Structures are given as structure tokens and as C-alpha cells.
Amino acid sequence: MKLEPNGVLVLDKDRGMTSHDCVFKLRKLFQTKKVGHTGTLDPEVTGVLPICLGRATKLSRFITDEGKRYVAEVTIGTATLTEDAHGEVVEQKTVKRNELDESQIDQAMRQLVGTIEQIPPYYSAVKVNGKKLYEYARKGQTVERPRRMVEIHRLERTSELTFEEGVCRFQMEIDCGKGTYIRTLAVQIGEKIGYPAHMSELRRTSSGSFEEANAISLEQLQALETVEERMAHVIPLEEVIKRWPAITIPKNRERYIRNGGKLNGVSLEFDLFTVYNEEGIPLALYRRQDGTTDATVEVMLAID
């Protein structure tokens with residue numbers, strides 16, 4: 001009997017690959033069609049990309065919504081069309097060592113902590129009128145880009161400033177909510193201090209509770225000879241859902257939950273939670289409705 005993978009693989013994505021490239025390769029390595037990523041990483045970005053396998057694909061949207069951590073390099077002095085190191089330079093301003101110091105950078109970064117507004121880059125997958133922004137950009141078309149509010153929980157410079165060839169570079173670490181564009185954040189830092197800027201390097205070090213230390217690369221997976229060996233690196237579905245709070249329902253309510261029934265009068269402080277039966281089997285993931293003590297089913301987990 002074929003053993004089906006059900007859980008989350010913490011992939012360390014290589015540079016040059018799209019998230020869809022990773023899914024395609026993992027379908028072959030795990031011999032299953034049920035593979036899904038948890039939010040795209042740009043091809044030149046490396047690092048943590050949780051991949052859902054089997055029944056865990058139902059959870060991908062919840063994992064996508066969780067916070068992220070990145071380490072990035074910012075280059076002050078040049079701006080690019082794509083806001084990263086791979087686009088055409090569209091603006092330059094020489095940075096002199098005696099005109100820019102760490103206190104100016106740090107002050108600019110402090111102003112960008114909290115809820116801030118961002119305008120997504122033209123070279124991004126954000127949709128306007130049913131088309132992705134990069135589709136407009138590739139045709140040289142302009143369109144009004146939607147503004148969005150994002151959460152920056154922590155923004156910290158982690159290196160000294162280095163000056164060479166008229167630009168200044170430094171590293172920073174970012175804890176942020178979903179939908180944040182680190183490329184745009186680098187540009188915003190530059191705007192605060194009066195210089196063009198872009199993100200010159202980026203690595204994601206965590207996605208929710210999935211950490212870099214537990215990630216495995218495609219090369220490492222390909223070196224393993226069997227699906228069973230690769231599955232040893234998959235976090236089982238039962239372990240993944242332990243990240244959310246849980247309640248246990250009595251046996252006489254189990255059929256009701258298995259049928260997707262609404263829960264009333266849930267006196268919980270959290271919005272998303274897992275419902276278990278008395279045998280400890282997870283039945284469903286529920287979400288409390290805004291402003292009420294009622295909860296409705298999000299994902300059925302039990303298999304009859």
C-alpha cells in the first residue's frame with residue numbers, strides 16, 4: 001500500500017527558482033499531485049518556503065497568513081525599476097560617507113515600524129482589473145496601483161554601513177505581517193533619508209513557526225533515494241495543527257461537528273482553533289465570527 005505524505009515540508013528555496021518550480025519538482029520527489037506552496041517567493045529570494053502535502057494543502061491559506069521574518073541587504077544611492085538588484089537603474093545619487101550615518105538610517109527605520117502604507121511594485125503579482133501588475137509593466141503600460149496597509153513588527157539594522165562606488169549598503173532584519181514587500185520597504189527607507197534605494201539581497205528565515213533551522217533544500221531531498229526517506233523531513237499534519245489552540249467536544253457532539261455544524265457560545269480569546277473528539281482525533285478547524293461567540297467551520301480534518 002502506497003504511503004501518502006500528509007504534512008508540511010519546510011523547504012529552503014534556492015535562488016533562481018519560482019515557488020511553482022518547487023511545487024513541480026516536489027510532486028515528482030514525493031510521487032503525489034497534492035502539493036501546494038504557502039505564498040510565492042520571488043525567484044531571486046532564498047529561504048523558508050513551507051510546502052503543504054496531501055491533506056495539509058487545506059491549511060496552506062492559514063499558513064500564508066502568518067507572520068514572516070527576513071534578512072535583507074539595502075543599497076542606498078540607486079533605485080531600480082523592479083526595486084531589487086535585477087532591474088534597470090532608474091535613478092542615482094552619489095552617497096558620500098560624511099553625508100550619511102547610522103543614526104539617520106536608524107531613525108528612518110523607526111518611522112516605518114507599525115502599520116504603514118505601501119504601494120506594491122510594478123513588477124509584482126498583485127492584480128489590477130484581473131491582470132497582474134508585472135503583465136502591465138512588461139508591456140510598458142501604467143495603471144493605478146492599489147495602496148495597502150501592512151504591519152511591520154520589527155525593523156532592525158544588523159550591520160555597519162559600508163560605502164563603495166558611490167553607494168551605501170547595510171543589512172537589516174524584518175518581522176512583518178502578510179503582504180509586506182521588502183523591496184518597497186527598502187525604497188521607503190531611502191525616501192525617508194532623501195536618497196534612491198533598492199533591496200539588493202533577500203532571504204526569508206521564518207514563516208510563522210517554520211524556521212530556517214528546520215529547512216531542507218531540493219538538492220538534499222534529491223540526494224535521498226526513496227520517498228520514505230524524504231517523508232522523514234515532513235512535519236505530520238497532526239503536529240502542524242498543534243500550532244492553533246484546541247477544544248475537545250463530547251462524544252454526543254461529534255457527528256454534529258463532522259457534518260460541519262456551527263458552534264455557538266464559544267468563550268475563547270482566540271479566533272482560529274482546532275476541534276478534537278474525546279479520542280484526541282482532530283475533526284475540524286473553526287474560526288470565530290467577528291464580534292460574536294459563534295464559530296463556523298473553515299476546514300474539515302477528519303476522515304471517515
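Strand E4 (residues 68-76) is mostly covered, in that seven of its nine residues are buried, where buried denotes under 20% relative accessible area, exposed over 50%, and partly exposed the range in between, as evaluated with a 1.4 Å probe on protein chains only. The structure is a predicted model, in which local features need pLDDT of at least 70 and side-chain atom pairs count only at pLDDT 80 or more, whereas totals for chains, interfaces and linings use all residues. Residues are numbered from 1 along each chain as its sequence is written, and side-chain values rest on heavy atoms, with hydrogens and water left out.

The secondary structure of the chain comes to nine helices and 19 strands; these are DSSP runs numbered from the N terminus, helices being H or I runs of at least four residues and strands E runs of at least two. The C-alpha atoms fill a box of roughly 75 × 50 × 40 Å along the principal axes, and buried residues account for 47% of the 304 residues in the chain. Of the contacts between residues at least 6 apart in sequence, 67% join residues at least 24 apart, a contact being defined by heavy atoms within 4.5 Å.

Strands of a sheet pair through backbone hydrogen bonds, either parallel or antiparallel; here two strands are taken to pair if DSSP finds at least two bridges between them. Strand E4 is joined by nine bridges to strand E12 (residues 167-176), and the two run antiparallel. With strand E13 (residues 197-207), E4 likewise pairs in the antiparallel sense, over nine bridges. Lysine 68 has bridge partners in both of these strands, namely cysteine 176 in E12 and serine 207 in E13.

Within E12 lies methionine 172, which is buried because its relative accessible area is 1%. When neighbours within four places in sequence are left aside, the contacts of methionine 172 include Tyr70, Val71, Ala72 and Val74, together with Met109, Ile182, Leu185 and Ile189. Further contacts of methionine 172 are made with Leu155, Glu156, Arg157 and Thr158. Methionine 172 and serine 159 are 13 residues apart in sequence, and their C-alpha atoms are 7.1 Å apart in space.

Two packed helices are described by the angle between their axes and the distance between the axes. The axes of helix H3 (residues 102-110) and helix H5 (residues 182-193) come within 9 Å and cross at roughly 120°, the axes being lines fitted to C-alpha atoms, for helices over the stretch in contact, with angles running from 0 to 180 degrees between N-to-C directions. H3 is therefore oblique to H5, given that angles under 35 degrees count as roughly parallel, over 145 as roughly antiparallel, 65 to 115 as roughly perpendicular and the rest as oblique. The crossing of H3 and H5 is right-handed, meaning that the near helix is turned clockwise from the far one by less than a right angle, whereas an anticlockwise turn would be left-handed. On the H3 side the contact is made by Gln104, Ile105, Ala108 and Met109, and on the H5 side by Ile189, Lys192 and Ile193. These residues divide into five nonpolar, one polar and one charged, with Ala, Val, Leu, Ile, Met, Phe, Trp, Tyr, Cys and Pro counted as nonpolar, Asp, Glu, Lys and Arg as charged, and the others, Gly among them, as polar.

An open sheet is formed by four strands in the order E16-E17-E18-E19, with mixed pairing. Its edge strands are E16 (246-248) and E19 (295-300), each of which pairs on one side only. Neighbouring strands of this sheet are turned by 35° against each other on average, direction ignored. Strand E18 (residues 282-288) is joined to E19 by five bridges, and these strands run antiparallel; arginine 287 stands opposite threonine 296 in E19. Threonine 274, in strand E17 (residues 272-276), counts as buried because its relative accessibility is 0%. Leaving aside neighbours within four places in sequence, threonine 274 is in contact with residues including Trp244, Ile247, Ala284 and Leu301.

Most residues other than glycine have a negative phi, and most peptide bonds are trans. Glutamine 31, in the loop between helix H1 (19-30) and strand E2 (35-37), has a positive phi near 55° and counts as partly exposed because its relative accessibility is 48%. Glutamate 165, in the loop between strand E11 (162-164) and E12, has a positive phi near 50° and, at 80% relative accessibility, counts as exposed.
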